[in-house]
Amino acid sequence: MKLKMLNGSHSLIAYLGALAGFKTVDTAISNPVIYKLIKYYMLKVAAPYVYDLPKSISLDDYAEQLLKRFANPSLKHRTEQIAMDGSKKIPQRWLSTLSSQLRSAKPYHIIALGLAAWILYGQGKDEKNQPLDVSDPLETQFAEIHAKYGQAHQLVEHYFNLSEVFPKALANDQNVKASIAHFINRLKADGVLKTIETLNLE
């Protein structure tokens, strides 16, 4: 529950929120567009892959508790702090769920959007061209990729070559890479909030 629903949501808020200019989790989740996305992610993307829970535990209740916690301004969780060490966190928080979605032929557009935001975060600036703190064991590789390549498909290809993050099966999945490249282009062109608004989150 914690790894997939809490931590996975935290990373989604961190990268999309930071790109949109939100400095803390509570300010990001107070935006109704981001709130709707995170609730959808918890219940429709992450929860189906949480197994073997006691019947007394409700994932709906857990999601509501998390949303209230995220909205608490006294916690002051910084998006850039949560975004740290993404190359270590993403395999567990997102890629295991993504692999499960692919095996069961389920839509994976939300995680593709999150990965697109993570890749753009690696350039060290938000959509308003303000600096972001990229603190990651692979930050040098990120900087080199962004210095050399500007096209979405190039960024995705070279990020997916980072074997520390992506297993070979995912690195060879052209459909996944195309979806992430699509969202990189949308985030660049329209920004975070407008991109989220185009998604079907019903």
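## Report on an all-helical predicted model

Gly-8 is located in helix 1, where helices (H or I, at least four residues) and strands (E, at least two) are DSSP runs numbered from the N terminus. This is a predicted model, in which local features need pLDDT of at least 70 and side-chain atom pairs count only at pLDDT 80 or more, while totals for chains, interfaces and linings use all residues. Residues are numbered from 1 along each chain as its sequence is written, and side-chain values use heavy atoms, with hydrogens and water left out.

**Helix 1**

Gly-8 has a relative accessibility of 0% and therefore counts as buried; the term buried means under 20% relative accessible area, exposed means over 50%, and partly exposed lies in between (1.4 Å probe, protein chains only). Leaving aside neighbours within four places in sequence, Gly-8 is in contact with Leu-3, Tyr-41, Arg-93 and Trp-94, contact meaning heavy atoms within 4.5 Å.

His-10 also has its place in helix 1, which spans residues 2–20. Its relative accessibility is 8%, so His-10 counts as buried. Outside the four nearest places in sequence, the contacts of His-10 are Val-25, Phe-70, His-77, Ile-82 and Arg-93. Arg-93 is thus a contact of Gly-8 and of His-10.

**Overall architecture**

The secondary structure of the protein chain consists of twelve helices and zero strands. Read from the N terminus, the order of elements is α-α-α-α-α-α-α-α-α-α-α-α. The radius of gyration is 16 Å, which agrees with the value near 17 Å for a compact globule of 202 residues; this radius is taken over C-alpha atoms, and the globule rule is 2.2 Å times the number of residues to the power 0.38. Along the principal axes, the C-alpha atoms fill a box of roughly 50 × 40 × 30 Å.

Of the contacts with a separation of 6 or more, 75% are between residues 24 or more positions apart. Buried residues account for 50% of the 202 residues. The protein chain exposes about 9800 Å², and carbon and sulfur atoms supply 50% of that area; accessible areas come from the Shrake-Rupley method with a 1.4 Å probe, and for residues only the protein chains shown count as cover.

The chain carries 24 positive and 19 negative charges, whose mean positions are 3 Å apart. Lys and Arg count as positive and Asp and Glu as negative, whereas His and the chain ends are not counted. The place of a charge is taken as NZ of Lys, CZ of Arg, CG of Asp or CD of Glu.

**The nonpolar core**

In soluble globular proteins, nonpolar side chains tend to be buried together. The largest nonpolar core in this model has 73 residues, and those with the most contacts inside it are Met-5, Leu-115, Trp-118 and Ile-180. Helix 7 gives the most to this core, with eleven residues. A nonpolar core is a set of buried Ala, Val, Leu, Ile, Met, Phe, Trp, Tyr and Cys residues joined through side-chain atoms within 4.5 Å.

For Met-5, the contacts beyond four places in sequence are Met-42, Ala-46, Ala-47, Val-50, Leu-59, Tyr-62, Ala-63 and Leu-66.

**Positive phi values in loops**

Most residues other than glycine have a negative phi. Asp-85, by contrast, has a positive phi near 60°. This residue lies in the loop between helix 5 (79–82) and helix 6 (86–103). Asp-85 is partly exposed, with a relative accessible area of 27%.

Asn-129 likewise has a positive phi, near 70°, and is a residue other than glycine. Its loop connects helix 7 (109–121) and helix 8 (139–148). Asn-129 has a relative accessibility of 52% and so counts as exposed.

**Separations between C-alpha atoms**

The table lists pairs of residues with their separation along the chain and in space.

| Residue pair | Separation along the chain | C-alpha separation |
|---|---|---|
| Gly-8 and Leu-187 | 179 residues | 20 Å |
| Asp-190 and Lys-44 | 146 residues | 25 Å |
| Pro-32 and Ala-117 | 85 residues | 19 Å |
| Gln-141 and Ile-110 | 31 residues | 25 Å |

Asp-190 belongs to helix 11 (residues 174–190), and its relative accessibility of 34% makes it partly exposed. Pro-32 is found in helix 3 (residues 32–46) and, at 63% relative accessibility, counts as exposed. Gln-141 lies in helix 8 and is partly exposed at 26% relative accessibility. Apart from neighbours within four places in sequence, Gln-141 is in contact with Leu-162 and Glu-164.
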